[in-house]
Amino acid sequence: MAVIGYLGTSAEEGLIFEVSSETLETINNMNWSGSARYAVHQRHNTHALTEFVGLDPDKITFDITFLAQLGVEPMKEIVKLWKYNREGTALQLVLGEHGYGKYRWTITSIKEKTKYSDVHGNIYCADVSVSLQEYLSKDF
């Protein structure tokens, strides 16, 4: 088994991204964005002054497919994500040997689309879109 990263409070728990002969759980379509804030001060009979006032929290979005055939329990993983979102849990995001962000991330939205269900109505395959926002401690 090759663990390639995780989204959670530690590497032992959370959403583990891994590839092995039994399991495939990886992210795709990852986008990392950031923006700056500026104030515009209007002046009489001349150009306005632009002032840099700070940075907005970074944002990351990604998609993940949970497929039972690839060794994943889709509903278990989806419930994990919803729990983190509803509790406002600050999470680490690690991919490969790189931790993303300055501190942690919170899940701001989750969009789950069920693709297939089994004969009992259990989710067999689901595409999930996750949106994260940077969560800094007051030390940053």
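Is Lys80 buried, partly exposed or exposed? In this predicted model, where local features need pLDDT of at least 70, side-chain atom pairs count only at pLDDT 80 or more, and totals for chains, interfaces and linings use all residues, Lys80 is partly exposed, with a relative accessible area of 23%. Residues are numbered from 1 along each chain as its sequence is written, and side-chain values use heavy atoms, leaving out hydrogens and water. Here buried means under 20% relative accessible area, exposed over 50%, and partly exposed in between (1.4 Å probe, protein chains only).

The structure holds four salt bridges, each a side-chain nitrogen of Lys or Arg within 4 Å of a carboxyl oxygen of Asp or Glu. One of them joins Lys80 to Glu77 (3.4 Å, N to O). Glu77 counts as buried because its relative accessibility is 8%. The two residues are three apart in helix α1 (residues 74–87), so about one helical turn separates them; helices (H or I, at least four residues) and strands (E, at least two) are DSSP runs, numbered from the N terminus.

Turning to the sheet, four strands form an open arrangement in the order β4-β7-β11-β10, with antiparallel pairing; pairing requires that DSSP finds at least two bridges between two strands. At the edges lie β4 (27–33) and β10 (104–117), each pairing on one side only. Strand β10 is joined to β11 (residues 123–135) by 12 bridges, and Ser109 has Ser131 as its bridge partner in β11. A salt bridge also connects Asp127 and Lys115 (3.7 Å, N to O), linking β11 to β10 across 12 residues.
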